[in-house]
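The following report introduces a structure to a reader who has not met it before. Please consult the sequence and the coordinates alongside the text.

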Amino acid sequence: MRLSELLNREVVTESGERLGRVHDVRGELVGGRLRVIGLVAGRRGILERYGVGTHGSGGPSQAKVHGHPILPWERVVRVGSEVVVRDSDARR
Amino acid sequence: MTCAAEIGGVAICLQLLSGLPYRLLIPLAVLGLAVSSWVLPFKWIERVFGYLGLCLLVFAVAAIKLHPRWSQVAHGFVPGSHSGGSLLVYLYFVVVLLGAAMTPYEVYFYSSGVVEDRWGHKDLGLNKVTAIIGYALGGFLSFALMIVAGVLFLPRGISPQFLGTPALAAEHVFGQVGLVLALVGILFAVGGAAIETSFAGAYNLAQFFGWRWGKKERPANASRFTLSWLMIFALALLVVLTGFDPVKLTEYSVIFSVVALPLTYLPILLVANDRAYMGAEVNGRLANFLGVLYFILILVIAVAAIPLMLLTKGGAGMSKVTDVDIALSILDHQLVDGDGQNCGKVDDLEIAGLDGDSPEVAQILVGGNAWRFRGLLGRLAARLSGSAVHVPWSEVRSVTSVVTLKRPATELRLNRGDARWGRLVGKVPGSR
């Protein structure tokens, strides 16, 4: 699946609670690979998309990241027309 | 390997000065260096490359004019302060910098050059002055380069990993004159080093086998010596033509030189203590104390060099985990190829394994129908365009403010638009 297909999909919990839309995918650069470790979801961050209100300088060890919590990938149950995640308060 | 790295450096400088393709300039660089080595007398090789290399002093003036905060400069000496907190990466660069300052070929070239110049007892003072000023100047320039990089590039998240990037610092301060001075300085400093490396290899071979040697001899009289330095240039040419990144090649050559350093310095220390060779100039207690201290230092860095290179993946700190928000930091960002040329944008990314536990980015999609999920205009553009180019993520060298690839764009089928339209635009007079 392409990143642009995943972006903007609605995120719902298994019990039907709507958590907002995916507006970014958190990756982990390690050993030359880029692993997906979570989803940045919630209220749309249009300004964040342009780097406003984000953290990090964008340098080699200071990649830009959104300033609010992410949904860890372990919570993702399936990716379909919606992204379904487990019910949990364990947002980090 | 060292000579190959230096030839790659000369070709990059020529490319930045002329705009001609890098691969065309590699053989031209070798030809230029070989002809200079053949035609110029030893003294003139030293003078031409040495004096023009002094253009690098532009970096020293730039470092001062950038008004660095000296407290921050001093903070840079604290281990781990500027390498994402990684002590190992800091130590790796300490080893590389020390290794670059005292590579073995410099010892062989310098000592053989003393014989070429017919120095005698009366030149001992000049020798001390040359060694002290030469090393101090080299260290001073390295320091200046680190300061300009720290002031200008670090806050902007730019990693000066291309040979031409530091030259932009001189342009930032002095305009085009600064840029040209910096590039000429780099060209002659690196070109001179390439000649020194090839000669050092030839000196070693000739002295080991007892051949006639030296630029003082006619090439036909010292034919095996002459063939040796020509062969070193030829072998270096072959290595550079493989397309291996010259900057990485430099790092590796320095690291392997560091491993060989004790084998270079121990014989010098032993000979310096041998009255049969040194006569009245044999080492005293202070010189021996400093010599042994220095030898212990290079022994430590020689032992640490390869483990540090492996642990830090060549200083890239790739073992260190960096979190990145992919849409924010990678999508729509500039792609730069292995030659430092812009070659498109990251128009989309293919993520594999989304139905599993550990999905990861597998490919970068560039151009064509890569836009088809990017809104109405994206769908329209995708219909009018051809297929996207798929670049495997394994081709990515680094992610900074740009995404840098390992290989040239043409090898990855990128930048085809310029080649296609270049045929048309090239027909306009004055366009080439």
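Which residue forms a salt bridge with A:Arg18? In this predicted model, the partner is A:Glu10, and the closest N and O atoms of the two residues are 3.8 Å apart. A:Arg18 itself is exposed, its relative accessible area being 51%. The pair also belongs to a wider arrangement: a network of salt bridges links A:Glu10, A:Arg18, A:Arg21 and A:Glu82.

**Confidence and overall composition**

For the complex, the predictor reports an ipTM of 0.85 together with a pTM of 0.59. Chain B has a mean pLDDT of 84, and 95% of its residues reach 70 or more. A general caution applies to the remainder: where pLDDT is low, the predicted coordinates should not be read in detail.

Chain B contains 17 helices and 8 strands. Of its 432 residues, 41% are buried. The accessible surface of chain B amounts to about 22600 Å², and carbon and sulfur atoms account for 67% of that area. When contacts in chain B between residues at least 6 apart in sequence are considered, 62% of them join residues at least 24 apart.

**Salt bridges**

Over all chains, the count of salt bridges comes to 12. Three of them, including the pair already introduced, are set out below with the separation of their N and O atoms.

| Salt bridge | N to O distance |
|---|---|
| A:Arg18 and A:Glu10 | 3.8 Å |
| A:Arg26 and B:Asp325 | 2.3 Å |
| B:Glu217 and B:Arg212 | 2.8 Å |

The salt bridge between the side chains of A:Arg26 and B:Asp325 deserves a further note. A:Arg26 lies in strand β2 of chain A (residues 18-30), whereas B:Asp325 lies in strand β1 of chain B (residues 322-325), so the pair joins two chains.

Are the two partners buried or exposed? A:Arg26 is buried, with a relative accessible area of 9%. B:Asp325 likewise counts as buried, its relative accessibility being 0%.

Within chain B, B:Glu217 forms a salt bridge with B:Arg212. Here B:Glu217 counts as partly exposed, at 22% relative accessibility. Its partner B:Arg212 is also partly exposed, at 48%. The cut-offs for this class explain both assignments, because a residue is buried only under 20% and exposed only over 50%.

Key
Residues are numbered from 1 along each chain as its sequence is written. Chains are lettered from A and ligands numbered from 1 in the order in which they are written. This is a predicted model: local features need pLDDT of at least 70, side-chain atom pairs count only at pLDDT 80 or more; totals for chains, interfaces and linings use all residues. Side-chain values use heavy atoms; hydrogens and water are left out. Helices (H or I, at least four residues) and strands (E, at least two) are DSSP runs, numbered from the N terminus. Buried means under 20% relative accessible area, exposed over 50%, partly exposed in between (1.4 Å probe, protein chains only). Contact means heavy atoms within 4.5 Å. Accessible areas come from the Shrake-Rupley method with a 1.4 Å probe; for residues, only the protein chains shown count as cover. A salt bridge is a side-chain nitrogen of Lys or Arg within 4 Å of a carboxyl oxygen of Asp or Glu. pLDDT is the predictor's confidence in each residue, from 0 to 100.
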